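Open the model in your viewer and keep the selection panel at hand. We will go stop by stop.

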Amino acid sequence: MSETQPATTSDERNRRQEAPRPHRVAVLALPGVPPFELGIPSRVFGSAQDAHGHPLYDVIVCTADGSPVPSDAGFTVQPAAGPEALATADTVILPPTHAMPELGRGGPLPAEVTAAIAGIRPGTRLVSICTGSYVLAAAGLLDGRPATTHWNLAPEFRSAYPNVKVDEDVLFVDDGDVLTSAGVAAGVDLCLHIIRRDHGAAAANRAARMCVVPPWRDGGQAQYIDRPVPEPTVATTTATRAWALEHLGEPLALTQLAEHARMSLRTFTRRFRDETGMTPVQWLTAQRLELAKQLLETTDLPIDLLAHRAGFGSANSLRAHMRTAFGIPPAAYRRTFNPNHPATTHG
């Protein structure tokens, strides 16, 4: 007697049918690649799932000619594929390399790397982590574009590639189809940003929890630039920032923040910038935008009420800030990232 197979419910069949094709990510490992930065895309994107547990990304590590490459940590990286993986990828990621010093002088890429990059399909999203930006710049892919790299190498990068608009104060730069991150762990921030951009804050937050990292870091890499260390007795703005996060929906004047920190206005402003790499107003706007996005994704609040709750005061103010920061109004963002919300004509 043959065993009877368990019945498959219609819900299970629907879930299987609805599973989207994961976004293909190819990570190009070059000789001298640091293992930490090489592993960031696989770890972060590999942790990204939709609400049903379906993987959102398929990550593959490849090399320019399909051969193993030495890492900078004393072991060899065995790739899963060669340059053919770049031709089918939706996103290509360039981790740094510590074996091509000529790039720091604006020198050419090795022929096999040039050929591999030439095989990338037009319109593919390009991403660099840390000094992977040198590879993109050497290929001419950053000319005329804003970009970042490790803050310690920004002067060298600017000198070697004068056509690139370098900003060493930020954790990452999103220029649409080309994104660059600052040094080392900023690659985590950029990968989470990409998940957030592709699938919304909820998916990014789930991935961040799996990786045991914050879903969003305050400020830019300016806060990591070497400066004299303050004495332990010197007050910080940390407690005031935590307090402000609990009161984003209220009007928060700069004088009020300084009073909470028990500092003069001038001292508070200077110390805030030193600690976060941003002015208090820039930081507040960024936090309010993050709150607005979360509310748009997870609630049915009318845009007017949502704007007040996020601290923008009015729907018009929220629209203006979202258009400046993300290029879309609140209603369009909600339609993209909150598909369960009924279509609205507001916003």
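How many bridges join β6 to strand β10, and do the two run parallel or antiparallel? Select residues 178-181, which form β10. Three bridges link β10 to β6, and the two strands run parallel. Keep in mind that this is a predicted model.

**Stop 1: the β10 side of β6.** Select Leu-126. Opposite Leu-126 stands Val-178 of β10.

**Stop 2: the β5 side.** Now select residues 91-94, strand β5. β5 is joined to β6 by four bridges, and this pair is parallel. Show Ile-93: its partner across in β6 is Val-127.

To follow the connection, add residues 111-118, helix α4. The chain leaves β5, passes through α4 and arrives at β6. This β-α-β crossover is right-handed.

**Stop 3: the side chains of β6.** Select residues 125-128 and show sticks. Which residues point one way, and which the other? Arg-125 and Val-127 share one direction, while Leu-126 and Ser-128 take the other. All four are buried, the arginine included. In a regular strand, side chains alternate between the two faces of the sheet.

**Stop 4: two cysteines.** Select Cys-191 and Cys-211. Why is Cys-191 not bonded to Cys-211? Their sulfurs lie 9.3 Å apart, which is too far for a bond. A disulfide would need them within 2.5 Å. No other cysteine sulfur is closer to that of Cys-191. The structure holds zero disulfides. Both cysteines are buried: Cys-191 has a relative accessible area of 1%, and Cys-211 has 16%.

Definitions and conventions
Residues numbered from 1 in each chain as written. Predicted model: local features only at pLDDT ≥ 70, side-chain atom pairs only at ≥ 80, totals over all residues. Heavy atoms only, no water. Buried < 20%, exposed > 50% of the residue type's maximum accessible area, 1.4 Å probe, protein only. Pairing = 2+ DSSP bridges. Right-handed = clockwise from strand over helix to strand, strands pointing away.
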